[in-house]
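Okay, thanks for coming, everyone. I'll put the structure up, and then we'll walk through the pockets, the sheet and a helix.

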Amino acid sequence: MSFTYDDVGATREQGACPPGFRPMHVRTRLGEGEPVFRRAAEAVLTWEMHREMGVGIEAGAERAAPGVDVTVTLAGLIKAPCRVVWTLEEPRRAGWAYGTLPGHPESGEEAFVVDRTGDGTVWLTVHAFSRPATWYAKAGGPAARAFQHAYARRCGTVLRRLSGGDEQD
């Protein structure tokens, strides 16, 4: 299956948004220190964050890796097929992005990156670009967009808990 958009891998450059797509950028403070970073990175790379959010995850591997197919199921009804387009595992940054495949309600890419800044603060950044690909995503209009932002904020809340981080944003 081919991706449903042309700019595959564009989320590697934070802030990138191809013409005709809507950008999204949600950043959540998780806590501080190396242990929080390590736990958060592992939870992102192994799908644990997504599973703890209550979405269904069917993945072709136990860890995110380029080329791994992933199907996210929402409310047991909406299936969203994707493929991992890039991953990163560095001493202070870890994460991955997936791009949409045919059958996904949206077209675009979404990245989940945990980073530890110079002062030791650990953040989750969810960066995406998308546009509706199905009639129901188009009909959802602003509500669909609000759901996408709420999902990204929920990722941060869940990952803060999983990583043992603090309660600040």
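So, this is a predicted model, and I'd like to begin with the largest pocket. Which residues lie nearest its centre? Those are Leu-74, His-104, Pro-105, Glu-106 and Phe-147, out of 23 residues that line the pocket. Its volume comes out at about 510 Å³.

Where does that lining come from? Quite a few elements chip in: β3 (69-74), β4 (78-89), β5 (93-100), β6 (106-116), β7 (121-132) and α3 (135-163) each give at least two residues. Helix α3 makes the largest contribution, with seven residues. In terms of chemistry, the lining of the largest pocket has 14 nonpolar residues, six polar ones and three charged ones.

Now, the second largest pocket. That one has a volume of about 160 Å³. Among the residues lining it are Thr-11, Arg-12 and Gln-14, and also Trp-86, Leu-88, Arg-93 and Asp-115. Strands β4, β6 and β7 each bring at least two residues to this second lining, and β6 has the largest share, three residues. The class split here is four nonpolar, four polar and three charged.

Keep an eye on Arg-93 and Asp-115, both in that second lining, as they come back when we look at strand pairing. Arg-93 stands opposite Asp-115 in β6. And β5 and β6 run antiparallel, with seven bridges joining them.

Let's zoom out to the whole sheet. What is the strand order? Reading across, you get β1-β7-β6-β5-β4-β3-β2, an open sheet of seven strands with antiparallel pairing. At the edges sit β1 (22-32) and β2 (56-59), each pairing on one side only. On average, neighbouring strands in this sheet are turned by 20° against each other, if you ignore direction.

Back to α3, then. This helix lies across β1, β3, β4, β6 and β7, and α3 runs at about 15° to β1. As I said, α3 also supplies seven residues to the lining of the largest pocket.

One residue on that helix I'd like to point out is Leu-162. What does Leu-162 touch, leaving out residues up to four places away in sequence? The list is Arg-39, Ala-43, Glu-48, Met-49 and Glu-52. Thr-46 is 116 residues away from Leu-162 along the chain, and their C-alpha atoms are separated by 12 Å.

Last bit, the annotation. The UniProt record, an unreviewed entry, has "domain: DUF1990" over residues 4-156. In the model, that span is 25% helix and 42% strand, and its end C-alpha atoms lie 27 Å apart.

So, to recap: a seven-stranded open sheet, α3 lying across five of its strands, β1, β3, β4, β6 and β7, and a largest pocket of about 510 Å³. That's me done, so over to you for questions.

Definitions and conventions: Residues are numbered from 1 along each chain as its sequence is written. This is a predicted model: local features need pLDDT of at least 70, side-chain atom pairs count only at pLDDT 80 or more; totals for chains, interfaces and linings use all residues. Side-chain values use heavy atoms; hydrogens and water are left out. UniProt positions are given in the numbering used here, feature names are shortened, and annotations may be inferred rather than shown by experiment. Helices (H or I, at least four residues) and strands (E, at least two) are DSSP runs, numbered from the N terminus. On a 1 Å grid over the protein atoms alone, a cavity is a set of points where a 1.4 Å probe fits but cannot get out, and a pocket is an open set with protein on both sides within 12 Å along at least five of seven lines; lining residues have an atom within 4 Å of a point. Grid points are joined across faces, edges and corners, and a volume is the space filled by probe spheres set on the points. Ala, Val, Leu, Ile, Met, Phe, Trp, Tyr, Cys and Pro count as nonpolar, Asp, Glu, Lys and Arg as charged, and the others, Gly among them, as polar. Two strands pair if DSSP finds at least two bridges between them. Axes are lines fitted to C-alpha atoms, for helices over the stretch in contact, and angles run from 0 to 180 degrees between N-to-C directions. Contact means heavy atoms within 4.5 Å.
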